[in-house]
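Q: Could you take a close look at how the helices pack in this model, and at the empty space the fold leaves? I'd like one connected walk-through, please.

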Amino acid sequence: MPQLSDPLTLPCGVSLPNRLLKSAMTEGLADEHDHATERLAHLYQTWSTGGTGTLITGNVMIDHRFLERPGNVVIDHNGGEDKLRHWANAGQVAGNQLWMQINHPGRQCQKLVATQPLAPSDIGIDLGGMFGKPRPMNEAEIQRAINGYARVAGVAKDTGFSGVQIHAAHGYLISQFLSPLANRRRDQWGGSLENRARFLLEVIRRCREAVGARFPIALKLNSADFSKGGFSHDDSLQVAAWVSAAGIDLLEISGGTYEKLALMGDREDGAAASRAREAYFLDYAKGIREVTDIPLAVTGGFRSYSAMQAALDSGAMDVVGIARPLCIEPDVKALLRGEKTGFRAWEKQLRIGPGWLGPNSPNRTLRTLNFGLATQWYYQQIINLADGKPPVENTGLLRRAAKHMIGERKLAKRRVVNGR
């Protein structure tokens, strides 16, 4: 059985130095021109020297009009290639892989950025008025988006990133096309699963044309949306088989959307055993393993070395995805040697009110609030890491969240988007 420290050769021929993967986390560290910054370079150099074999960036957006949040890096005919090269070089100083995650938010674009986002259909998101009602994309807008993914993949390769990941999970645009709840189209892009997957498969095809056969293309896919009538696990099995045939090199399994927070372990499908052993989506990976032979990564819940190694020993996956723990403990060399038992579960110490309101809290509203506050807390850890500062304490969550949201609003107002 492979060890956590063992390399892995991908179908394209590229070798990952070890089985640890830093899964994507939104950073919000771009400047007012949506360009990469010195803070991003320092952040990823820290993770590179820490020893994680593969680093995946946060969302790099393909359209300056629609962002996941202010502070996203955008590649949309807006220059900044030298800054991308600096980021790419800094993030690979230790000989690791650095892959750019490519994304479009679709309907998950905050009103702070655009009051009317684009999406497959005009089905909005009910999250306290954070998002505007989307307008259905016409054929020209669909083609522009597909071209955007491919264009950004080409720029990633040209500026020194060693791979790309297409984001097709967590309720963003591609995930919306896949979901029968978000996609009510009656043309070639909606209806049957084959039609709903057409956008994704076309994106993969065009990205492969842009980067060639020897450049890694990864995909992040939901094992399920965990919403009744949404993208199901059976759907994900079929899509996994299709994307494998389309020629991707690594499939990262996650789950949920921001309406259904399975990405944080907040699931109602009875998978208590998966939560207990930390790997939220390992059971789903076992099913996907049966329909595809491409390397699989699973992200969600891993904290201990024993759970990571057991997951590899199970044969259901090849790569362990880690995200939030690396915001606090970026150096994993001792973990790879088996000398460290794992990461501290910081999120279980975040408190609002009398105690931690985690995935098992009976109050759905408070669980959602805690998710938002914990997310803001981890944003602060990323900022501190980028600035070379120690982690902040787990106090004053509401104050820190308010301060962060004010900062986002100021950046949104400073953005220079005219003339593109």
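A: **Helix packing around H6 and H7**

Let's begin with helix H3 (residues 139-158) and H6: their axes come within 8 Å and cross at roughly 35°. Keep in mind that this is a predicted model. The crossing of H3 and H6 is right-handed. On the H3 side, the residues making the contact are Ile142, Ala145, Ile146, Asn147, Tyr149, Ala150, Ala153, Gly154 and Lys157. H6 answers with Phe199, Glu202, Val203, Arg206, Cys207, Ala210 and Val211. Sort the residues of this H3 and H6 contact by class and you get eleven nonpolar, two polar and three charged.

Now stay on H6 (residues 198-211) and look at its packing with helix H7 (residues 233-246). Here the axes come within 10 Å, and the crossing angle is roughly 20°. Angles under 35 degrees count as roughly parallel, and H6 and H7 are therefore roughly parallel to each other. The handedness of H6 passing H7 is right-handed. From H6, the residues involved are Leu200, Leu201 and Ile204. They meet Val239, Trp242, Val243 and Ala246 in H7. The class count for this contact of H6 with H7 is seven nonpolar residues, with no polar and no charged ones.

Next, follow H7 on to helix H9 (residues 282-289). H7 and H9 pack with their axes 9 Å apart, at an angle of about 45°. That makes the pair oblique, because an angle of this kind falls outside the roughly parallel, antiparallel and perpendicular ranges. H7 passes H9 in a right-handed crossing. The H7 residues in this contact are His233, Ser236, Leu237 and Ala240, while H9 brings Tyr284, Gly287 and Ile288. By class, the contact of H7 with H9 holds four nonpolar, three polar and no charged residues.

So much for helix pairs; on to the empty space. A search of the whole structure turns up one cavity of 30 Å³ or more. The largest cavity has a volume of about 40 Å³. Its lining is made of Asp34, His35, Ala36, Val73, Val74, Ile75, Gly79, Gly80 and Leu84. Five residues of the largest cavity's lining are nonpolar, three are polar and one is charged.

Pockets come next, and the one to look at is the second largest, with about 340 Å³ of space. It is lined by 18 residues, and the closest to its centre are Gly28, Arg39, Ile383, Gly407 and Glu408. Helix H13 (364-386) and helix H14 (397-414) each supply at least two residues of this pocket's lining. H14 gives the most, with seven residues. The lining of the second largest pocket divides into five nonpolar, five polar and eight charged residues.

Methods
Residues numbered from 1 in each chain as written. Predicted model: local features only at pLDDT ≥ 70, side-chain atom pairs only at ≥ 80, totals over all residues. Heavy atoms only, no water. Axes fitted to C-alpha atoms, helices over the stretch in contact; angles between N-to-C directions. Helix = DSSP H or I, 4+ residues; strand = E, 2+ residues; numbered from the N terminus. Parallel < 35°, antiparallel > 145°, perpendicular 65-115°, else oblique. Left-handed = near helix turned anticlockwise from the far one by under 90°. Contact = heavy atoms within 4.5 Å. Nonpolar A, V, L, I, M, F, W, Y, C, P; charged D, E, K, R; others polar. 1 Å grid on protein atoms, 1.4 Å probe; cavity = no way out; pocket = protein on both sides within 12 Å on 5 of 7 lines; lining within 4 Å. Points joined across faces, edges and corners; volume = space filled by probe spheres on them.
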